[in-house]
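Trainee: Could we go through this model together, taking one residue or element at a time and reasoning each answer through?

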Amino acid sequence: MDETRRETVATPYPPPARAWYLVGALMVFYVFSFIDRQVIAFLIGPMKRDMALTDTQVGLIQGFGFAVLYTFLGLPIGRLADRISRKKIVTVGVLVWSFMATMCGLAKTGTDLFLARVGVGVGEAALSPAAYSLITDSFPREKLGRAFGVYNMGIAIGSGIASLTAGLVIVAVSHVHHYTLPILGEVRGWQLVFIITGLPGALLPLLLITVREPARRGLLKAAGQTRAVPFSEVLAFVKANRSFYALHCVAFGLLAMVGYGVGAWLPEALVRAYKPEGLTIPQVAKVLGLATMFLNAAGIFSAGRLSDHLSAKGMRDAPIVVAVGVALAIVMTSSVTPFMPSLSLLWVALAIGAFPFSAYTSVGAMAINQVTPNQMRAQVSAIYLFVINVLGLGVGPALIPFINDKVFHDPTKIRYALSIVVIGGCLLAAVLLWLVRPIYREKHAQAAEWQ
């Protein structure tokens with residue numbers, strides 16, 4: 001890349017109202033993506049019963065089934081997002097994942113459900129690489145933390161709505177095993193949850209009708225012209241800066257492993273652990289849904305806001321410092337939640353643990369995009385998402401039941417495996433992030449000339 005030079009872009013940022021509308025629309029898409037991604041965690045019991053599945057098989061359907069193409073398609077989709085309309089890419093992705101999420105509700109076998117989950121992953125692979133690029137081009141650096149925080153609130157809001165929807169529908173359909181729907185035919189109660197949460201997503205592209213894409217910023221130029229960057233050059237750039245990208249991506253991948261693993265198994269683990277107290281999935285769904293929607297969302301936004309505040313004070317590694325604090329907070333709160341001596345204390349622990357649980361999401365992608373040239377941002381974001389989703393989606397939901405099957409041999413003790421993953425994953429992530437701090441400061445100073 002010696003032949004390239006950095007470009008200072010004089011083009012003004014979009015008006016604040018337009019920029020925040022874009023973030024709001026993208027956040028709504030993220031909400032629906034997490035509804036479709038997470039609702040399965042509250043349907044484990046009836047799925048196992050009707051499809052004769054084991055815990056490990058359910059974990060593979062939840063995580064690996066979704067991740068198998070989600071992770072790999074992010075790379076070519078990221079390349080497209082660096083070259084063509086990001087708005088069109090998002091639109092196609094939303095339509096695909098909404099259709100396939102609905103198809104989960106028509107699955108007759110475990111194989112059918114696995115393939116439908118693969119399809120959901122195919123559609124959702126289009127969202128975040130394009131969204132990260134759009135957001136980074138819409139705001140000055142000192143406001144990116146808040147913008148990424150708002151976008152990533154979609155994780156908490158979507159997961160919370162998935163919890164509440166699943167709980168309400170489970171209660172509503174608990175007295176009827178089968179339903180007959182127009183056109184779709186006969187479905188089981190738990191399948192109806194997938195259909196109810198999947199179908200509305202087809203209307204989401206309407207939010208983008210009036211959206212104009214922001215001008216691309218931080219472009220590399222060669223021979224006086226802005227240019228597309230070959231993927232080989234993207235890989236060369238990542239390799240040349242591997243001391244940052246490797247540590248950063250693996251660290252956030254470990255946090256994602258904890259996040260997706262706990263998200264997949266916490267409801268079922270609590271019901272099994274507190275069965276003598278009569279705890280049910282609808283009860284867990286209600287409390288967990290409210291805590292996730294409000295406290296978890298507040299934690300995500302607060303982490304982004306704190307990163308902006310520290311950056312304004314001159315702390316160039318603010319996103320990394322915030323992520324370290326979040327990782328340690330998760331260890332202290334979420335590792336003990338399944339072991340509370342009473343249901344009252346369990347609800348308190350869930351509320352406390354919800355605040356920091358997903359807060360790292362508001363700074364991980366932001367940090368990547370701040371130190372990556374524009375023509376590479378979506379592609380490098382796709383590489384980042386590839387790593388965190390291989391560990392997060394591919395490993396997290398399957399690792400917890402695997403540890404329990406191999407070590408504890410008791411379904412009621414899956415909470416122990418859950419805590420092992422929380423403690424080990426978050427502590428290792430914190431160590432890697434601490435090591436990446438001085439490297440990030442150096443990359444941040446270099447990238448400042450591109451803006």
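Trainee: Which backbone oxygen lies 3.1 Å from a polar atom of the side chain of Thr-337?

Mentor: Bear in mind that this is a predicted model. Thr-337 is found in the loop between α12 (318-334) and α13 (343-357), and a polar atom of the Thr-337 side chain lies 3.1 Å from a backbone oxygen. That oxygen belongs to Thr-333.

Trainee: Is Thr-337 buried or exposed?

Mentor: Leaving aside neighbours within four places in sequence, Thr-337 is in contact with Tyr-274, Leu-346, Ala-349 and Leu-350. Its relative accessibility is 5%, and because buried means under 20%, Thr-337 counts as buried.

Trainee: How many of the 17 residues of α12 are buried?

Mentor: At 1.5 Å a residue, α12 should span 24 Å, and its end C-alpha atoms are 24 Å apart, which agrees. The helix is also largely enclosed by the rest of the structure, because the number of its 17 residues that are buried is 13.

Trainee: Which helix gives the most to the largest nonpolar core?

Mentor: The largest nonpolar core has 144 residues, and those with the most contacts inside it are Leu-26, Phe-29, Ile-135, Phe-194, Phe-252 and Leu-433. The helix that gives the most to this core, with 19 residues, spans residues 242-273 and is α10.

Trainee: Is Arg-272 buried or exposed?

Mentor: Arg-272 is found in helix α10, and, leaving aside neighbours within four places in sequence, it is in contact with Lys-48, Asp-55, Trp-265, Pro-411, Thr-412 and Ile-414. With a relative accessible area of 13%, set against the cut-off of under 20%, Arg-272 is buried.

Trainee: What is the relative accessibility of Tyr-151?

Mentor: Tyr-151 lies in helix α7 (residues 144-173). Beyond its neighbours within four places in sequence, Tyr-151 is in contact with Val-23, Leu-26, Met-27, Tyr-30, Leu-127, Ser-128, Ala-131, Tyr-132 and Ile-135, and two of these partners, Leu-26 and Ile-135, are among the residues with the most contacts inside the largest nonpolar core. Tyr-151 counts as buried because its relative accessibility is 0%.

Trainee: How many Å apart in space are Tyr-151 and Ala-365, C-alpha to C-alpha?

Mentor: In sequence, Tyr-151 and Ala-365 are 214 residues apart. In space, taken from C-alpha to C-alpha, the separation of Tyr-151 and Ala-365 is 11 Å.

Methods
Residues numbered from 1 in each chain as written. Predicted model: local features only at pLDDT ≥ 70, side-chain atom pairs only at ≥ 80, totals over all residues. Heavy atoms only, no water. Helix = DSSP H or I, 4+ residues; strand = E, 2+ residues; numbered from the N terminus. Buried < 20%, exposed > 50% of the residue type's maximum accessible area, 1.4 Å probe, protein only. Contact = heavy atoms within 4.5 Å. Polar contact = N/O pair within 3.5 Å; in protein donor to acceptor, adjacent residues only side chain to side chain. Expected span 1.5 Å × (residues − 1). Core = buried A, V, L, I, M, F, W, Y, C linked by side-chain atoms within 4.5 Å.
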